[in-house]
Amino acid sequence: MDYQIEIKQIVDYPRCRIYRSFFRDLMEDRNIRTNGSSYLFYYMVLCSFANFRSSNRRIEGISYLISPGEWICTLSDLSEWFRVRFQHQALAILDYLQAEHYISYCKLARGNLIKFTISDWKENNTWLEYNYPCAKDIGFFFFPISIAHELISLGRCSEMDIVLDLWLHAIYNDTQIQGSDIGPVVYFRNSTKNPLISYSDLSSRWGISKASVSRLLNKLQGIGYLSLVSFSGRHGSVIYLCNYLSTMFAISDVMIDKEEVSMTFKVPIHIPDDNSVLDNTSIREEQIVIDASVNSVSDKISSVSESHIRAVIKKVAGILATQGLSCCECPKTVYKLYSLSDCKGSELNYYLSISCPDGKTHYRFEIALHPLDVARTEPGTTTPEGRLA
């Protein structure tokens, strides 16, 4: 039998799956700095090495039994994992995590070996009874979101802490979260169901300045960790993660189209009055047909001019073309716009018909435009806010 699989990630799930191979790549990436005081990265390093089942490890001729949730390593290895220069710095990190009851550890072989235990490992990960060696560069472990919130709030986040925070809060294809159907979007579970977030909020969350937030997000976008979609004014930004789908679900990653994101989140579309800007498209004016009923709707105080309506149609056609609607790339396609009778308040609803000249292919869409307050826009521009249904 044939089956169709639909993959969804539920936002209410209390833990996130972290693949060890992904985490090892992060540990080796020297472009991302680790100098911070939130301890999220350090704690996840220890979790990534913890056993799922008991095993024996032989070091310098001595065999040590390591139970689930534990691991044993040299102090020099620990310093290398934490990216600290001195061993006493690595011990200071362990002391803090132990004082906060995240781990417990002891020194062996006159202090040259460290054996640590993750305190709540059994509550979040499978505890296997049989003995078998546990590979450290394959498989995955579960990390609780609540602990991520606790560690992030401890102090100033490093670049590595921020990358992990973004990864832990990525949501894909969840009907509750706006924009997650486009790609894996970062949502910090603030009960709004909207992933739009400002640099001010990120500054407060990560303990760094807004300028540092801007520099870091642009840096991470430049090295291929995320795709940043920023909007004008106080609307905020949307963060999509790169390589998330291939890592988490072993499926092809998607390209993020900023115009499509703009329509999904109903943010302003700035249309200048310069006609040369409006006509900068492959769609000719004769392809657009506006019904006479639209002019009666445009008589309202909160109306949109015909030239701007035509510009919006061209933008919608461009978005649909990027989504795979090949008719929007044809020079013979006809776009017909009609007004709908259910216009309420300042929102103007339109019916858009897209048809090919053969008469066999026909698409129907609903467009809602809400002209924003001109006082909040730049001089000489209007900002109709569009929603494509």
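# A walk through a predicted model

His101 sits in the loop between α4 and β5. I start there on purpose. Keep in mind that this is a predicted model. Most residues other than glycine have a negative phi. His101 is not a glycine, yet its phi is positive, at about 65 degrees. Is His101 buried or exposed? With 64% relative accessibility, His101 counts as exposed.

There is another residue of this kind. Arg189 also has a positive phi, about 55 degrees, and is not a glycine either. Look for Arg189 in the loop between β10, residues 185-186, and α8. Arg189 counts as partly exposed, because its relative accessibility is 29%.

Now back to the elements around His101. Take the sheet.

This is an open sheet of three strands. The order is β4-β6-β5, and the pairing is antiparallel. Which strands are at the edges? They are β4, residues 70-74, and β5, residues 103-108, and each pairs on one side only. On average, neighbouring strands here are turned by 20 degrees against each other, direction ignored.

Zoom in on β4 and β6. Strand β6 covers residues 113-118. It runs antiparallel to β4, and five bridges join the two. One position to find on screen is Thr74, whose bridge partner in β6 is Leu113. As a reminder, strands of a sheet pair through backbone hydrogen bonds, either parallel or antiparallel.

Side chains link these two strands as well. Lys115 and Glu70 form a salt bridge, with the closest N and O atoms 3.7 Å apart. Lys115 belongs to strand β6 and Glu70 to strand β4, so to speak distant parts of the chain, 45 residues apart. How accessible are the two partners? Lys115 is partly exposed, at 22% relative accessible area. Glu70 counts as buried, at 14%.

Next, the helices on this sheet.

Helix α3 lies across β4 and β6. Its direction is at about 100 degrees to β4. Helix α4 packs on the sheet too, touching β5 and β6. The direction of α4 makes about 140 degrees with that of β5.

How do the two helices meet each other? Helix α3 is residues 75-82, and helix α4 is residues 87-99. They pack at about 80 degrees, and their axes are 9 Å apart. That angle makes α3 roughly perpendicular to α4. From α3, the contact uses Leu75, Ser76, Leu78, Ser79 and Phe82. From α4, it uses Gln87, Ala90, Leu91, Ile93 and Leu94. How many of the contact residues are charged? None: the contact has seven nonpolar residues, three polar and no charged.

Let me move to another pair of strands.

Strand β1 spans residues 15-19. In a regular strand the side chains alternate between the two faces of the sheet. β1 shows that alternation. Cys16 and Ile18 point to one face and are buried. Arg15, Arg17 and Tyr19 point to the other face and are not buried. The partner is strand β8, residues 140-144. β1 and β8 run antiparallel, joined by five bridges. Which residue of β8 is the bridge partner of Arg15? It is Pro144.

Back to salt bridges. The count for the model comes to six.

Asp165 and Arg205 make one, at 2.7 Å from N to O. Asp165 lies in helix α7, residues 159-168, and Arg205 in helix α8, so the pair ties together parts 40 residues apart in sequence. Asp165 has 0% relative accessibility and therefore counts as buried.

Another joins Arg284 and Glu286, with the closest N and O atoms 2.8 Å apart. Arg284 is partly exposed, at 38% relative accessible area. Glu286 counts as exposed, at 55%.

There is also a network. Glu285, Arg310 and Lys314 are linked in it by salt bridges.

My last stop is Gly207. It is found in the loop between α8, residues 199-206, and α9, residues 210-222. Gly207 counts as partly exposed, because its relative accessibility is 43%. Now find Ser37. Gly207 and Ser37 are 170 residues apart along the chain. How far apart are their C-alpha atoms? The separation is 9.8 Å.

How values were computed: Residues numbered from 1 in each chain as written. Predicted model: local features only at pLDDT ≥ 70, side-chain atom pairs only at ≥ 80, totals over all residues. Heavy atoms only, no water. Buried < 20%, exposed > 50% of the residue type's maximum accessible area, 1.4 Å probe, protein only. Helix = DSSP H or I, 4+ residues; strand = E, 2+ residues; numbered from the N terminus. Pairing = 2+ DSSP bridges. Axes fitted to C-alpha atoms, helices over the stretch in contact; angles between N-to-C directions. Parallel < 35°, antiparallel > 145°, perpendicular 65-115°, else oblique. Contact = heavy atoms within 4.5 Å. Nonpolar A, V, L, I, M, F, W, Y, C, P; charged D, E, K, R; others polar. Salt bridge = Lys/Arg side-chain N within 4 Å of Asp/Glu carboxyl O.
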